[in-house]
Amino acid sequence: MHAWSRRNFVKTTAAAGLALPAAPALAATDRGAAAERVAGPIPGSRSDDDPLGIRGQFPVTEELAYLNTASTGPAPLPVREALVAYADEKMTYRDPGSRRRAVDRARSRFASLFGADEDEIAFLFNTSDGENVVANGIDWRPGDNVVIDELHFVTAFVVYRELEKREGVELRIIPPREGRAHPEDYDAYTDDRTRLISVAWVSNRNGFRHDLPTLAEIAHARGGYLFADGIQAFGTFPTNLHAEGVDFACGNGYKWLHADFGCSILYARREHHDWMQPDRFGHAQVAETLPEHQYRLRTDARKFEHGSLALGPVAAMDAALGFIGEVGLERIAEHTHALAGELREGAAGLGMKLFTPPANPSPIVSFYHGMDPQELSDALNAEGVRFTYQEGGELLRAAVAMFNNRDDVDRLLGGIAARV
């Protein structure tokens with residue numbers, strides 16, 4: 001089925017749909033050991049149906065062509081095991097130290113995977129926390145400006161519109177051209193009063209991926225900073241945050257990291273730790289207790305961890321980062337970006353109007369389908385295809401994750417082809 005003419009294939013198989021290969025049944029686990037071990041894929045044979053040899057680690061593949069990781073990434077078995085182990089420990093209280101060890105491992109694993117130092121990493125609750133921490137940490141003056149583009153996530157618009165009202169800051173919004181936010185437009189929109197450029201590193205709307213080093217150069221030349229919302233980026237390609245030049249980046253764990261809600265990671269470059277102040281305070285920031293209820297607070301990125309962490313989601317993050325490290329970010333990117341390219345090609349061949357630009361190095365593909373959204377949704381859901389609508393149902397967004405294969409993509413394209 002893999003040396004094929006896509007147009008002929010989708011037209012001849014659309015009505016019947018394609019069956020997914022069965023994944024191994026959920027195995028029993030040693031829950032007590034799950035929280036401590038290095039999470040990794042169970043070795044499996046690699047094939048065209050399972051290029052990375054990990055589909056058996058994702059039970060969602062047993063029933064669904066799940067192309068919706070840009071919304072919520074399904075948990076693999078090691079993450080489930082870590083959550084169960086956390087719940088069991090909390091129930092029995094046999095090893096409460098395991099909670100702190102999971103925090104330390106997750107911090108170390110993220111720093112190692114994404115090219116940061118451990119003292120530059122803070123755990124927050126969600127990605128919006130990170131944008132707020134950065135926005136509230138800058139000493140704004142009336143007449144300063146922040147520059148974003150229309151491919152950003154809605155949180156950015158809310159945060160900086162409120163900043164306009166409160167601080168007299170100007171929000172400058174760059175319109176996309178052909179599905180991209182171009183560096184030359186950022187250069188034109190910035191000046192010596194630009195304090196911050198904020199971008200969705202990979203856009204949730206169409207998967208467009210920014211070139212951060214170029215944007216960092218533009219921001220720094222004007223004396224400003226660069227913030228990247230990394231929730232659609234972390235886990236989809238190898239990167240080194242130091243080399244990217246970004247000043248701040250934040251992303252939650254429940255999408256491409258395949259962890260859980262309630263644990264996001266903020267990267268704050270070390271050179272900004274001295275001047276940047278937290279926007280809230282609490283017991284977790286205390287580095288030393290002094291007489292008379294005085295305190296010396298942390299001075300590294302952990303200064304932004306003001307209270308107790310969500311330790312269950314942190315345990316999931318720890319296991320998820322271990323799993324991704326074993327699979328390999330290079331392998332994940334090679335597989336998913338190529339498969340997303342096939343999806344773009346197939347959608348274009350069916351006459352869809354693409355919103356995702358060509359040769360875009362991300363696993364997200366968006367296009368305008370031109371059909372009745374409810375009818376198309378019902379038909380694709382009946383075939384076991386999961387995806388997301390945007391723009392009132394006009395825009396279809398599909399996301400290709402590490403566990404997806406060509407059969408998953410063909411189920412989506414086949415359902416569309418039957419209605420073209």
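**Entry 1. Strand pairing**

I looked up the pairing of β3 (residues 145-149) in this predicted model. Strand β3 runs parallel to β5, and the two are joined over 3 bridges. For V146, I found L196 in β5 as the bridge partner.

I then followed β5 to its pairing with β6. These two strands are also paired in the parallel sense, here over 5 bridges. Within that pairing, I noted S198 opposite F227 of β6. I traced the connection as well: the chain leaves β5, passes through α8 and enters β6, and the handedness of this β-α-β crossover is right-handed.

Is β5 mostly covered, or how many of its residues are buried? I checked strand β5, residues 194-200, and recorded 7 of 7 residues as buried.**Entry 2. Nonpolar cores**

I turned next to the nonpolar cores. The largest comprises 66 residues, and I listed F114, Y186, L226, L241 and M402 as those with the most contacts inside it. Helix α10, residues 311-327, supplies the largest share of this core, namely 9 residues. A second core, separate from that one, holds 25 residues, among them V159, Y225, L266 and F304.

I took F114 for a closer look. With neighbours within four places in sequence set aside, its contacts are F234, G235, T239, N240, L241, L257, L321 and L329. One of these contacts, L241, is itself listed among the residues with the most contacts inside the largest core.

**Entry 3. Salt bridges**

I recorded a count of 24 salt bridges and examined three of them individually.

The side chains of D318 and R105 form a salt bridge, with an N to O distance of 2.7 Å. I placed D318 in helix α10 and R105 in helix α4 (residues 97-114); the pair links distant parts of the chain, 213 residues apart. Are these two residues buried or exposed? D318 has a relative accessibility of 3% and therefore counts as buried. R105 is buried too, at a relative accessible area of 17%, because the cut-off is under 20%. I also noted that R105 and D318 belong to a network of salt bridges together with R109.

The second pair was D139 and R141, whose side chains meet in a salt bridge at 2.4 Å, N to O. I entered D139 as partly exposed at 45% relative accessibility, and R141 as partly exposed with a relative accessible area of 44%.

The third pair was R222 and D187, in a salt bridge of 3.1 Å, N to O. R222 sits in the loop between α8 (212-221) and β6 (225-229), whereas D187 belongs to helix α7 (residues 183-189), so this salt bridge ties together parts that are 35 residues apart in sequence. I found R222 partly exposed at 27% relative accessibility; D187 is partly exposed as well, with a relative accessible area of 38%.

**Entry 4. R107**

I closed with R107, which lies in helix α4. Its relative accessible area is 5%, so I entered R107 as buried. What does R107 touch, apart from residues up to four places away in sequence? I listed E118, I121, A122, F123, R302 and E305. For I121, I also noted the backbone oxygen, which lies 2.7 Å from a polar atom of the R107 side chain.

Methods: Residues are numbered from 1 along each chain as its sequence is written. This is a predicted model: local features need pLDDT of at least 70, side-chain atom pairs count only at pLDDT 80 or more; totals for chains, interfaces and linings use all residues. Side-chain values use heavy atoms; hydrogens and water are left out. A nonpolar core is a set of buried Ala, Val, Leu, Ile, Met, Phe, Trp, Tyr and Cys residues joined through side-chain atoms within 4.5 Å. Buried means under 20% relative accessible area, exposed over 50%, partly exposed in between (1.4 Å probe, protein chains only). Helices (H or I, at least four residues) and strands (E, at least two) are DSSP runs, numbered from the N terminus. Contact means heavy atoms within 4.5 Å. A salt bridge is a side-chain nitrogen of Lys or Arg within 4 Å of a carboxyl oxygen of Asp or Glu. A polar contact is a pair of N or O atoms within 3.5 Å; within protein, one must be able to donate a hydrogen and the other to accept it, and residues adjacent in sequence count only if both atoms are side-chain atoms. Two strands pair if DSSP finds at least two bridges between them. A crossover is right-handed if, with the strands pointing away from the viewer, the path from the first strand over the helix to the second runs clockwise.
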